[in-house]
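This briefing introduces the structure shown below to a new reader. The topics are set out in turn, with each group of points under a short heading.

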Amino acid sequence: MTLVCSTHGGFPEYQVTWRTHNRTLEPQEAVNKTTQDPGTGTYNISSRVNVTEGQNITCSIYNTILNETQSNVIIIEASKGENHLLKFSLVAICPLVILLITVILCLKYPNFRKPWRKMIHCCPEPEPENTAQQPENAELNLQQ
């Protein structure tokens with residue numbers, strides 16, 4: 001993110017400083033542009049810095065003749081995109097974990113699926129084969 005601090009129509013040429021987290025930025029960390037109006041001799045100054053989110057930034061403009069400093073504090077809040085990423089991760093991962101647990105349970109416990117077949121009635125179980133055995137010595141009682 002780029003911040004711009006500017007002043008117009010001042011004299012003499014102002015000094016611009018930037019502070020963040022109790023540290024004054026080095027002059028090479030800012031891009032300063034100064035122009036002087038040829039008719040009035042006043043100065044227009046524009047200073048730009050690149051910053052990250054979650055910072056308090058102070059732009060100060062110092063007038064050397066008046067020995068005055070005017071400052072403006074800018075608070076840049078952290079992006080809420082991080083929360084969206086966390087929510088997206090939870091929404092995407094939870095169903096996958098549930099599916100994985102279901103597959104593991106179905107493979108480990110094959111009988112786990114049977115009650116569902118009966119309840120849903122979409123997957124009828126095959127009819128059991130007639131496994132009754134014929135008695136070896138069957139008695140036949142005929143009555144006449």
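**The sheet**

In this predicted model, three strands make up an open sheet, arranged in the order S1-S5-S4 with antiparallel pairing. Its edge strands are S1 (2–10) and S4 (30–36), each of which pairs on one side only. On average, neighbouring strands of the sheet are turned by 10° against each other, with direction ignored.

**Pairing of S4 and S5**

- Strand S5 covers residues 43–50 and pairs with S4 in the antiparallel sense.
- Seven bridges connect S4 and S5.
- Opposite Lys33 stands Ser46, a residue of S5.

**The salt bridge**

- One salt bridge is found when the whole structure is searched.
- The side chains of Arg23 and Glu29 form a salt bridge, with an N to O distance of 3.2 Å.
- Arg23 has a relative accessibility of 39% and therefore counts as partly exposed.
- Glu29 is likewise partly exposed, because its relative accessible area is 35%.

**The nonpolar surface patch**

- Ile93, Val97, Ile101 and Leu105 make a nonpolar surface patch of about 320 Å².
- Val97, one of the residues in this patch, is found in helix H1, which comprises residues 81–108.
- The relative accessibility of Val97 is 42%, so this residue counts as partly exposed; the class lies between the limits of 20% for buried and 50% for exposed.

Notes: Residues are numbered from 1 along each chain as its sequence is written. This is a predicted model: local features need pLDDT of at least 70, side-chain atom pairs count only at pLDDT 80 or more; totals for chains, interfaces and linings use all residues. Side-chain values use heavy atoms; hydrogens and water are left out. A salt bridge is a side-chain nitrogen of Lys or Arg within 4 Å of a carboxyl oxygen of Asp or Glu. Buried means under 20% relative accessible area, exposed over 50%, partly exposed in between (1.4 Å probe, protein chains only). Two strands pair if DSSP finds at least two bridges between them. Helices (H or I, at least four residues) and strands (E, at least two) are DSSP runs, numbered from the N terminus. Axes are lines fitted to C-alpha atoms, for helices over the stretch in contact, and angles run from 0 to 180 degrees between N-to-C directions. Patches are made of residues with over 30% relative accessible area and no salt bridge: like charges are joined within 9 Å, nonpolar side chains (Val, Leu, Ile, Met, Phe, Trp, Tyr) within 5 Å. Accessible areas come from the Shrake-Rupley method with a 1.4 Å probe; for residues, only the protein chains shown count as cover.
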